[in-house]
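Got your viewer open? Here is a guided tour, one selection at a time.

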There are 2 protein chains.
Amino acid sequence: MLRDEIKEVHMAFQYLTNVPLAKARAEYEEVLIKEGFAGKTENISVMESCGRITAHAVYAQICAPHYHSSAMDGIAVNAKDTFGATETTPVHLKTSQFTVVDTGDAIPEGCDAVIMVEDIVQEQDGVCLYAAASPWQHVRQIGEDICAEEMILCSCQKITPSAIGALIAGGVLEIDVFRRPVVGIIPTGDEIVPPTKSPKKGDILEFNGSIFSAMIREWGGEAVIYPIVPDRLEAIEEMVKRAVKECDMVLLNAGSSAGREDYSCQVIDKIGDVLYHGLAIKPGKPAILGYRREKPILGVPGYPVSGIIVIEEILHPLIDLWNHRKGEEHPYADAVLSRAVVSGLKYHEFVRVRLGYVGERLIASPLSRGSGVISSFMKADGMLEIPQGLEGCEAGSRVKVRLLRPLSELKQMLVDIGSHDPLLDELADLLHRKNPEMYMSSAHVGSMGGIMAARRKENHIAGIHLLDVKDGSYNVSFLKKYFPNGGVRLVECVGRTQGLMVAPGNPHNIQGIEDLQHSGLRYVNRQKGSGTRILIDYLCKEKGIRTDVIYGYEREEFTHTSVAAQIAWGTADAGLGIFSAANLYGLDFLPVCIEQYDLLIPDDAWDTPMVQALMEILKSDAFKASLKKMGGYEIGEPGRVRERLEPAKKSE
Amino acid sequence: MLRDEIKEVHMAFQYLTNVPLAKARAEYEEVLIKEGFAGKTENISVMESCGRITAHAVYAQICAPHYHSSAMDGIAVNAKDTFGATETTPVHLKTSQFTVVDTGDAIPEGCDAVIMVEDIVQEQDGVCLYAAASPWQHVRQIGEDICAEEMILCSCQKITPSAIGALIAGGVLEIDVFRRPVVGIIPTGDEIVPPTKSPKKGDILEFNGSIFSAMIREWGGEAVIYPIVPDRLEAIEEMVKRAVKECDMVLLNAGSSAGREDYSCQVIDKIGDVLYHGLAIKPGKPAILGYRREKPILGVPGYPVSGIIVIEEILHPLIDLWNHRKGEEHPYADAVLSRAVVSGLKYHEFVRVRLGYVGERLIASPLSRGSGVISSFMKADGMLEIPQGLEGCEAGSRVKVRLLRPLSELKQMLVDIGSHDPLLDELADLLHRKNPEMYMSSAHVGSMGGIMAARRKENHIAGIHLLDVKDGSYNVSFLKKYFPNGGVRLVECVGRTQGLMVAPGNPHNIQGIEDLQHSGLRYVNRQKGSGTRILIDYLCKEKGIRTDVIYGYEREEFTHTSVAAQIAWGTADAGLGIFSAANLYGLDFLPVCIEQYDLLIPDDAWDTPMVQALMEILKSDAFKASLKKMGGYEIGEPGRVRERLEPAKKSE
């Protein structure tokens, strides 16, 4: 009844509902179980059963060991024949009364004990014993390890490598396990195309299916990706019907919202039933919990990040339910939030964070929350959940974070927050290749952002390139200003050439900063607080150029590479940046100056194995080779400490 | 040079060396790397790459998104055309100056901003705007997620589902990864036979290969099991040569010691080189670290537990080395040792333990240390390592234990230490099936053992059946005696029939306890402290039978099932035990008495979810059905509290 009411309300208003996740999940499972949802089983070879889940309890067929065997090299005897033997009253056994055995040999019929070879005195027609054997001494008895009919594994238990050994030893060669549930994935959308290296404008690459398949396989399911279906009601309906017939669960990807061409809800409602359309989660709100009889049909939003959250929160528990398993508890850790996170009161929010240990504190830095940004999901080390009804978390507050990678890995993570340069990726690569236990994570927040992060003790290193306009020097005066109590080093990295990036052939014939004022020219800038932004501001001021007349001066990108990308794709005509970024895209480059790009390293971080390993990398020939390949760098003495501000003595 | 010296010493004396594990492992890896050991790579489809390891850094081929798209439903314009628009000075755009766009549509050539449909006033020949658009507003720009030429993954990084999405979005469809190393496993031994349900006496089932294969696959390798080779030098040599040619690493299983028919060392030395023969570990000592050129050839002991330790400690790191990975750090936890563990000074010992939370303490109970006992490996929740040079650990001492299952699972583990009954396995099965998050572990130490464990706060429940010979009552008087301060409940389980188990047809025509004295009759007993042992002692005393004339009275088994197994296999003629055990093996049964089998539950344990869940199971019809199927039980009111000893008030 409840179900029908919800459905009626939902269909009548065509609004998305805003059901709390836990409630929706519980009701969904309840409805499915009522409809007959349950794990199907299959009989497979024990040898191939590792990681699978037993469908019912498994009992041994034979004992292990299945015969009495000698545990020593010696002779097998009937213990009774030796009774009474002592130092003073030895017992003599004739050859017919014993059998010579090696370790592992079966004990002959009529014998029930083994006497070690060391305790035997050989005689002409037999042996002489100076001590009695007790029955079953030095015998490995039948069933010592496993008894026939004993339960080896209980129901719904994961089969481990050693369980495979125990099963075979117990004479069990085939086993009933839950069949892997088959999940059908149906990608829909007129603009969706199969993965390709050269998509046309407007094409959206279908990669959700590959992400979801990989997740489903990790959870113990099988995935089938159906051909892409255009946005036509009948075509979608036909494909869903086919998938429901062929699979145990179905994901209908995209079209799950309530827009013009969002047919998912309509289709599911026609073929089966819709329990809920709309969850109180973000990302992931426009999800559809539908089903046909006992088979779940899940409407999944098209944005990859939304889709991932929905199938993690709804599909994963269903696969566990199929296997009669309780999902492994997520590991959590306490962390300090580096920036405030604002959350809508209406939703339970999932915020991806990067994590890193700086000193004793685990620092959580929120990543981009765009639901289309798959790269931020890939970079995430943890997930911060903000329950419905909360407005968010303040910077510096302690939060509980679900870990997406082991704590042991996070403890060896070099945390870089500062100015961007492609060389940082090369450093990360060299560091991890040389020290497989170490990782480096980089957040690009500009030079000033790096300094501020270091003051808040949130990073191990920060790339900075800050020009002191008073004397033309780089970085040192900023250090002195922002670290009045010292305790920080400045390590030489590279000199790098800044200049104007323009399209190949310089079609607009730009000769210098002055030309940026020309009408019809589109500039692309870096974000405020970045060294490059400070540089262009300074250069304009020096030349008396009003920046408000430069078209696009407020258009901000966060990396040199993304500035270069805009010019390469013809959506901007010029941007200030470093040579190596221009070089990546084959752009023309007008050098403006050479600046000093250094690494700021607080004393606390200096002593970590990660920073010390990085110093080795900076000094290495491999790093120099990388720089030469990228181009535009002046290589002096990377890794040299240029400046050290001693920590101020504590006043007494 | 070092290597040759070691070899010479080793070959000259034919002794096993006793090298510390860490030293041997480090030297082995060093030698192999010098010989050219390194991960081979292959190019595979990104869609199939989940869980694989990148062979080198991977860069994006295209930007994601790869075109500017609208982030809203509305119109795309050139922002310049809207400059100056305000509430009082609206701007009019002609139809030619804008394009209607939906979310996700490409931004047309010449446009650089989107105005939301809500902010537009439609006119006859165009639109009217009351606010200027800023360049790039509501536009999802090229490269917002990933820029072409940006590093997506660094070298030697594990590929996750979301990384697959990022790679495809970045136009990367194939990827170089480390090929899974192929490990060849060669089983040897005249007595070894392929797995079968009906082995002949003396046959040893080959299950090591299946255990090792499963482990190797879990670590990211591929396994090939070669046919079983008899104990002949030439045959083994030929097979090793073949495996070295076909595989990246080779395991030669059994024959790794220095006995008469142990050819492994000889063969490896002939085909390649032996670095060490003999490690200072237990189990696992007789291992051989050999190689031919860059390919490791590992001599692995035949006892499964020894073999598992050796390949975990030596082969696993080699697979990680192949992949340029540092193995994940094992999780450890502090535990309290329930029994003393004695260790040899000469070896680093690996002791398998069962773990369970009782109250706040994690209790570690050492399992059987026999290296042939695969079932104890299967049951192990953790591994206690006792470094070389230590004599062991005392009972009650705090130890660091390597976890083999997640702590969250251990927290929901119902710990049973007490008297054995096959019904305990059925309870474990029903409990886990009903509550997938809960597990039950049982250790069979007899009724008195269970009482002692409860006093030491090491278990949640203990099965007990202790006859008070003074009044013929069961259990209650023992509770009062051993828990003078109370704080414990006695929960009714079953009445069960004890009797003499004899071979089918009762060939020795045994009529009662008195007949056990007959010459030629072989008895099999239970261990001291078990309720059944106390019962037989009592019965003999009552009837005036001298137990020292009963043949086999000192032969002790730990479960009813194993007593039954000895009679079924004809290695004993009679044993006292419960009907259900006799029934399992189809034995004849002479009832002696009906005894009360109860569960002792300390107050602290009573309130745990696991014990409460168990009470539900005890009262369930499913449990009663199980009991009826097993037979020999009197079912009263399972789950009823028969007796509660209130905790003593603290004296003031």
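Start by selecting B:Asn506, which sits in the loop between β34 (488-502) and β35 (525-526) of chain B. What you are looking at is a predicted model, so treat each stop as part of a prediction. Check the backbone here: phi of B:Asn506 is near 45°, a positive value in a residue other than glycine. Is B:Asn506 buried or exposed? Its relative accessibility is 15%, and buried means under 20%, so B:Asn506 counts as buried.

Now jump to chain A and pick A:His324, in the loop between α7 and β22 (332-337). Here too a residue other than glycine has a positive phi, this one near 55°. The accessibility of A:His324 is 26%, so this residue counts as partly exposed.

**Two helices that meet**

Stay in chain A and select helix α7 (residues 304-322) together with helix α2 (residues 21-34). The two pack at an angle of about 40°, and their axes are 11 Å apart. That angle is why α2(A) and α7(A) are described as oblique to each other. Their crossing is right-handed.

Which residues of α2(A) meet α7(A)? Show these as sticks:

- from α2(A): A:Leu21, A:Arg25, A:Tyr28, A:Glu29, A:Leu32 and A:Ile33
- from α7(A): A:Glu313, A:Ile314, A:Pro317, A:Leu318 and A:Leu321

Colour the residues of this contact by type and you get 8 nonpolar, no polar and 3 charged.

**An open sheet in chain A**

Next, find the open sheet of 6 strands in chain A, and follow the order β16-β13-β17-β21-β20-β18. The pairing in this sheet is mixed. Which strands stand at the edges? They are β16 (222-225) and β18 (273-277) of chain A; each has a single partner strand, so one side of each is left without a neighbour in the sheet. Going from one strand to the next, the twist averages 20°.

Zoom in on strands β17 (residues 249-253) and β21 (residues 295-300) of chain A: they run parallel and are joined by 4 bridges. To see one residue pair, select A:Leu252 and its bridge partner in β21(A), A:Gly299.

Now bring back the helices around this sheet. Helix α6 (residues 264-271) of chain A packs on the sheet and touches β17, β18, β20 (288-292) and β21. The direction of α6(A) makes about 25° with that of β20(A). You have already met α7(A), and this helix packs on the sheet as well, touching β13 (182-187), β17, β20 and β21 of chain A. Compare directions in your viewer: α7(A) makes about 175° with β17(A).

**A mostly covered helix**

Before leaving chain A, select helix α4 (residues 208-218) and turn on the surface. How many of its residues are buried? The count is 9 of its 11, so this helix is mostly covered. Among the buried ones are A:Ile211, A:Phe212, A:Met215 and A:Ile216. After α4(A) comes A:Gly220, whose phi is positive, near 100°.

**Over to chain B**

Select strand β5 (residues 91-94) of chain B and look at its two faces: B:Val91 and B:Leu93 make up the covered one, while B:His92 and B:Lys94 are on the uncovered one. Add strand β9 (residues 126-129) of chain B, which pairs with β5(B) in the antiparallel sense over 4 bridges. Opposite B:His92 you will find B:Cys128 in β9(B).

Two prolines come next. B:Pro65 lies in the loop between β2 (58-59) and β3 (69-70) of chain B, and the peptide bond from B:Ala64 to B:Pro65 is cis, with omega near -5°. For the other one, go to the loop between β19 (281-282) and β20 (288-292) of chain B and pick B:Pro283. A cis peptide bond joins B:Lys282 to B:Pro283, with omega about -5°.

**Last stop**

Finish at B:Leu479, in helix α12 (residues 476-482) of chain B. B:Leu479 is buried, with a relative accessible area of 0%. Leaving out residues up to four places away in sequence, B:Leu479 touches B:Ile464, B:Val488, B:Arg489, B:Leu490, B:Leu600 and B:Leu645. Try a distance too: B:Leu479 and B:Arg644 are 165 residues apart in sequence, and 9.6 Å apart in space from C-alpha to C-alpha.

Note on methods. Residues are numbered from 1 along each chain as its sequence is written. Chains are lettered from A and ligands numbered from 1 in the order in which they are written. This is a predicted model: local features need pLDDT of at least 70, side-chain atom pairs count only at pLDDT 80 or more; totals for chains, interfaces and linings use all residues. Side-chain values use heavy atoms; hydrogens and water are left out. Buried means under 20% relative accessible area, exposed over 50%, partly exposed in between (1.4 Å probe, protein chains only). Axes are lines fitted to C-alpha atoms, for helices over the stretch in contact, and angles run from 0 to 180 degrees between N-to-C directions. Angles under 35 degrees count as roughly parallel, over 145 as roughly antiparallel, 65 to 115 as roughly perpendicular and the rest as oblique. A crossing is left-handed if the near helix is turned anticlockwise from the far one by less than a right angle, and right-handed if clockwise. Contact means heavy atoms within 4.5 Å. Ala, Val, Leu, Ile, Met, Phe, Trp, Tyr, Cys and Pro count as nonpolar, Asp, Glu, Lys and Arg as charged, and the others, Gly among them, as polar. Two strands pair if DSSP finds at least two bridges between them.
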